[in-house]
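Me: I am new to this structure and should be grateful for a close look at a single part of it. Please take the sheets as the part to examine, and then describe what surrounds them.

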Amino acid sequence: MPLAHRLYDSALVLAPSGRLDHDNCEAFREELAPFLERSAKERLAIVLDLAGLEYVSSAGLRCFMLAAKQAKAQNSRIVIAAMQPVVSEIFQIARFNLVFDAFPKVRDALAALSPAAAAAFDRG
Amino acid sequence: MRVRFWGTRGSIPVALTSADIRDKVAEALYRAQGRSFASVGEAYDYAVAHLDFSLTHTFGGHSPCVEIENGGDEYFVCDMGSGARPFGAHVLARQSGRPASVNVFMSHVHWDHIMGFPFFGPAYAAGTRIRIHGCHDTLEHAFRLQQAPPCFPVEFSQLAAQIEFVKLAPGRSHEVSGVQVTPAPQMHSGDSYGYRFEHGGKSFVYTTDSEHKLENRAQTDRFVRFFHGADVVVFDAMYSLADAISVKADWGHSSNIIGVELCQMARVKHLVLFHHEPAYDDATIESVLRETRRFEELTRGARALQISAAYDGLELDV
Ligand SMILES: [Zn+2]
Ligand SMILES: [Zn+2]
């Protein structure tokens, strides 16, 4: 799974896409690892832009949980944005809505994290 | 086979409170606004047809006890939770004086799974034959211990029934009075075992108090083989997935999401959610059932998986 990324001031926006399940969740974790390290070093928050994620299984949800735990341990934060309806429903059913703050759009997530990040997003 | 649920709650028995009943009645009356019923029967029909299960029923509060009827004279039952008390009354009534032969299969000996045994009527009837099957070395010790002073007035050795303990080897198929039974080891504090019953071309899996580690692919594959093609799987769906893999990781239980995924992989026909969280009220369990059905719909492959939530009193044809 290609993990597109962009930096807006103090927020890293990562955009996994396709399906996240048993077969590719370990690869996803490996791709995510350097970004988590970077977020700790540079004090960056992470926004997972899920607009391109079509489906997530329990194994994929576990990756999100592990990432959230690591972020919490290193005093950083991960939020979710732009979930497709199916993924949003799965989050709800698995009670992941209680684990992550989720926002309708990437800009909403950035605005909640810092005005500077939202301003950087607006500048494009 | 026919499966009858005598106890479906996990960890500790619970009872409906007077506030629960009051709220159900008030809500039912509110929903029936503007209607009048000429008879109780008419009101009953309306309730069954138009009101939610959680308003007109309760999932019940007895801890695990699930009977399997195979059409023969002997009884088969999984676990001796508090549901064993009404199950025992059923056995005595049905036998009407004739001694019963009861085959018990124990998932493990945590208290919620053995606590009904001191109240299991047939254990006090001379002539009853009870064979308690399980894979734990501590099986007999646990049954004797819970009836030892100062915890219970009648010691195990005073029970009138003829009681034997039968150790089963996990992973192997055993023939017990015409039924094929295969135990499988499960992840739970002190270990637990699931059972697969096969009779008359049908298969039934009882798998409770079992945690599934998503990262353990070998374990997943083993359970997919254990469940494979089963007509009914009774599954420990006590927690949400988020709880099961974070704050309640290593507590030894699983979630509705994992139940659906394993049953889909194993091409199971019917998944029954079981070992309900004692803190959940009826409306919560009903909404978990609704969401689980929706999750199945969202993730459905070539064939649909039927999903139910077990309740005390539920009977299923397998
Ligand atoms: Zn239990
Ligand atoms: Zn247990």
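Reply: The description may begin with one pair of strands in chain B of this predicted model. Strand S1, residues 2-7 of chain B, is joined to S14(B) by three bridges, and the two run antiparallel. Within this pair, Arg2(B) has Asp317(B) of S14(B) opposite it.

This pair belongs to an open sheet of seven strands in chain B, whose order is S6-S5-S4-S3-S2-S1-S14 and whose pairing is mixed. The edges are formed by strand S6 (162-167) and strand S14 (315-317) of chain B; each has a single partner strand, so one side of each is left without a neighbour in the sheet. On average, and with direction ignored, neighbouring strands of this sheet are turned by 20 degrees against each other. Helix H6 of chain B, residues 139-146, packs on the sheet and touches strand S5 (129-134) and S6 of chain B. The direction of H6(B) makes about 125 degrees with that of S5(B).

Chain B also contains an open sheet of seven strands in the order S7-S8-S9-S10-S11-S12-S13, again with mixed pairing. Here the edge strands are S7 (174-176) and S13 (306-309) of chain B, each of which pairs on one side only. From one strand to the next, the twist averages 25 degrees. Within this sheet, strand S11 (residues 232-236) and strand S12 (residues 270-274) of chain B run parallel and are joined by five bridges. One residue pair may serve to locate them: Asp236(B) has Phe274(B) in S12(B) as its bridge partner. Helix H7 of chain B, residues 217-227, lies across strands S8 (179-186), S9 (192-199), S10 (202-207) and S11 of chain B. The angle of H7(B) to S8(B) is about 165 degrees.

Beyond the sheets, there is a contact between helices of the two chains. Helix H3 of chain A (residues 85-93) packs with helix H10 of chain B (residues 282-299) at an angle of about 145 degrees, their axes being 10 Å apart. The crossing of H3(A) and H10(B) is left-handed. On the side of H3(A), the contact is made by Val86(A), Glu89(A), Ile90(A), Gln92(A) and Ile93(A); on the side of H10(B), by Glu291(B), Arg294(B), Phe295(B) and Leu298(B). By class, the residues of this contact are five nonpolar, one polar and three charged.

H10 of chain B also contributes to the largest pocket: H9 (256-265) and H10 of chain B are the elements that give two or more residues to its lining. The space in this pocket is about 460 Å³. Its lining has 23 residues, of which Tyr55(A), Glu261(B), Gln264(B), Met265(B) and Thr299(B) are the closest to the centre. H9(B) supplies the largest share of the lining, four residues. The lining comprises 10 nonpolar, five polar and eight charged residues.

A further helix pair lies in chain A, where H4 (residues 106-113) and H5 (residues 115-123) pack at an angle of about 145 degrees with their axes 5 Å apart. Val106(A), Arg107(A), Leu110(A) and Ala111(A) of H4(A) make the contact with Pro115(A), Ala117(A), Ala118(A), Phe121(A) and Asp122(A) of H5(A). The residues of this contact are seven nonpolar, no polar and two charged.

Methods:
Residues numbered from 1 in each chain as written. Chains lettered and ligands numbered in written order. Predicted model: local features only at pLDDT ≥ 70, side-chain atom pairs only at ≥ 80, totals over all residues. Heavy atoms only, no water. Pairing = 2+ DSSP bridges. Axes fitted to C-alpha atoms, helices over the stretch in contact; angles between N-to-C directions. Contact = heavy atoms within 4.5 Å. Left-handed = near helix turned anticlockwise from the far one by under 90°. Nonpolar A, V, L, I, M, F, W, Y, C, P; charged D, E, K, R; others polar. 1 Å grid on protein atoms, 1.4 Å probe; cavity = no way out; pocket = protein on both sides within 12 Å on 5 of 7 lines; lining within 4 Å. Points joined across faces, edges and corners; volume = space filled by probe spheres on them.
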